[in-house]
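Biologist: I am new to this structure and would like to go through it slowly, with the reasoning behind each answer. Could we begin with the ligand and then move outward?

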Amino acid sequence: MAGLFDNQADLYLDARPTYPSEWYSMLAARTLHHNLAWDAGTGNGQAAIGVAEHYEQVIGSDVSEAQLQHAMPHPKVKYLYTPLSISKDELLASIGGENSVDLVTVAQAVHWFDLPKFYSVVTRLLRKPGGVLAVWCYNDIVVSPTFDPVMKRFHDTTLPYWSPNIRYAFDGYKTLPFPFENIGLGSEGQPLALDIPKKLSFEGFLRMVRTWSAVVTAKNQGVDLLSQMVVRDLESAWGGSDLVRSIAYKAFMLAGKVKL
Ligand SMILES: C[S@@+](CC[C@H](N)C(=O)[O-])C[C@H]1O[C@@H](n2cnc3c(N)ncnc32)[C@H](O)[C@@H]1O
């Protein structure tokens with residue numbers, strides 16, 4: 001699993017969306033203190049940088065050293081390599097210890113995690129009372145009535161190459177186990193639907209799709225899901241390679257406190 005995000009790490013930084021700044025204000029307003037935050041599965045720090053606007057220190061951790069090598073430096077963010085083999089106690093100690101963290105975020109990543117292990121560490125790490133865990137994903141992009149059906153056809157070709165856990169992201173985290181107390185920002189079975197607006201060129205869109213783990217897995221198996229013909233169809237439905245479009249990613253959030 002860890003290796004899935006290594007190969008395309010250089011593409012990742014410029015291709016993946018960042019998240020609206022209001023999301024971080026909204027989450028920061030829900031935690032009692034603003035000393036320490038942990039962004040798990042940080043990738044290149046897409047969310048860690050946003051969280052750092054509201055917390056004194058942020059730890060951005062990832063199982064992929066390649067992703068961390070491309071992470072955006074920030075004076076308040078410390079990046080940390082946490083191999084899959086790390087024990088719960090080691091992970092806990094490396095982030096800050098029991099009752100130390102005000103906000104834990106996981107952006108577009110928790111569906112890859114060993115959930116019982118992660119939730120058990122989060123439960124111990126979060127401050128009680130006052131600490132919050134927020135996880136979110138995004139799945140479909142809404143571009144235009146011409147492009148969206150072509151995109152759907154392309155997306156269908158990727159289905160055999162995703163790891164099974166992606167189903168959580170495909171269903172907008174509706175079935176993701178989330179055993180935390182509701183704080184009004186999406187709860188187990190009832191995620192909060194949000195949009196991530198973005199201006200995107202066709203080249204940017206292609207770079208984003210090239211970072212999909214399914215596209216990388218297919219390529220490793222000798223299948224090029226982005227053949228010239230497929231790219232041509234997508235480009236023509238987009239409206240040309242130079243066109244910059246205002247698009248939206250459909251996102252879903254679940255946030256909660258430790259149940260006491
Ligand atoms: C789709 S990327 C998301 C990166 C970033 N958070 C973002 O919003 O774009 C998923 C990230 O989760 C990391 N990851 C996967 N499994 C992990 C685990 N068990 N613990 C920590 N990170 C993990 C991957 O290496 C990758 O960087």
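Modeller: A residue is near a molecule if its C-beta atom, placed from the backbone, lies within 6 Å of it. Please keep in mind that this is a predicted model.

Biologist: Which residues come nearest to the ligand?

Modeller: The shell around the ligand holds 21 residues, and by class these are 11 nonpolar, 8 polar and 2 charged. Within that shell, the residues that come nearest to the ligand are G41, G43, S64, A107 and A109.

Biologist: A107 belongs to strand 4, I believe. How many of the residues of strand 4 are buried?

Modeller: In a regular strand the side chains alternate between the two faces of the sheet. In strand 4, L103, T105 and A107 point one way while V104 and V106 point the other way, and all of them are buried. Strand 4, which covers residues 103-107, is therefore largely enclosed by the rest of the structure, and the count of its buried residues is 5 of the 5.

Biologist: Which strands pair with strand 4?

Modeller: On one pairing, over 3 bridges in the parallel sense, D39 stands opposite T105, and the partner is the strand of residues 36-40. On another, over 5 bridges and again in the parallel sense, L103 stands opposite V132, and the partner is the strand of residues 132-142. The two partners are thus strand 1 and strand 5.

Biologist: What is the phi of Q108, and is that residue buried or exposed?

Modeller: Q108 sits in the loop between strand 4 and helix 6. Its phi is positive, at about 55°, although Q108 is not a glycine. A residue counts as buried if 20 or more other C-beta atoms lie within 10 Å of its own, and Q108 has 21 such neighbours, so it is buried.

Biologist: Where is Y173, whose phi is also positive in a residue other than glycine?

Modeller: The phi of Y173 is near 60°, and Y173 is buried, with 26 other C-beta atoms within 10 Å. Its place in the chain is the loop between helix 8 and strand 6.

Biologist: Within what arc do the buried residues of helix 6 fall?

Modeller: The buried residues in helix 6 are F118, V121, V122 and L125. Seen down the axis of helix 6, they line one face of the helix, because they fall within an arc of 100°.

Biologist: Which elements do those buried residues of helix 6 pack against?

Modeller: One of the partners is a helix, made of residues 88-95, and the others are strands. The full set that the buried residues of helix 6 pack against is strand 1, helix 5, strand 4 and strand 5.

Biologist: T123 lies in helix 6 as well. Is T123 buried or exposed, or in between?

Modeller: T123 and L68 are 55 residues apart along the chain, and their C-alpha atoms are separated by 25 Å. T123 has 16 other C-beta atoms within 10 Å, so it is partly exposed.

Biologist: Where is the peptide bond that is cis?

Modeller: P129 lies in the loop between helix 6 and strand 5. The bond with omega near 0°, and hence cis in the model, runs from K128 to P129.

Biologist: What distance lies between the end C-alpha atoms of residues 39-134?

Modeller: UniProt, in an unreviewed entry, lists these residues as "domain: Methyltransferase type". The span is 31% helix and 22% strand, and its end C-alpha atoms lie apart by 10 Å.

Definitions and conventions:
Residues are numbered from 1 along each chain as its sequence is written. This is a predicted model: local features need pLDDT of at least 70, side-chain atom pairs count only at pLDDT 80 or more; totals for chains, interfaces and linings use all residues. UniProt positions are given in the numbering used here, feature names are shortened, and annotations may be inferred rather than shown by experiment. Helices (H or I, at least four residues) and strands (E, at least two) are DSSP runs, numbered from the N terminus. A residue is buried if 20 or more other C-beta atoms lie within 10 Å of its own, exposed if 12 or fewer, and partly exposed in between; C-beta atoms are placed from the backbone. Ala, Val, Leu, Ile, Met, Phe, Trp, Tyr, Cys and Pro count as nonpolar, Asp, Glu, Lys and Arg as charged, and the others, Gly among them, as polar. Two strands pair if DSSP finds at least two bridges between them. The arc is that of the directions from the helix axis to the C-beta atoms. Two residues are in contact if their C-beta atoms, placed from the backbone, lie within 7 Å.
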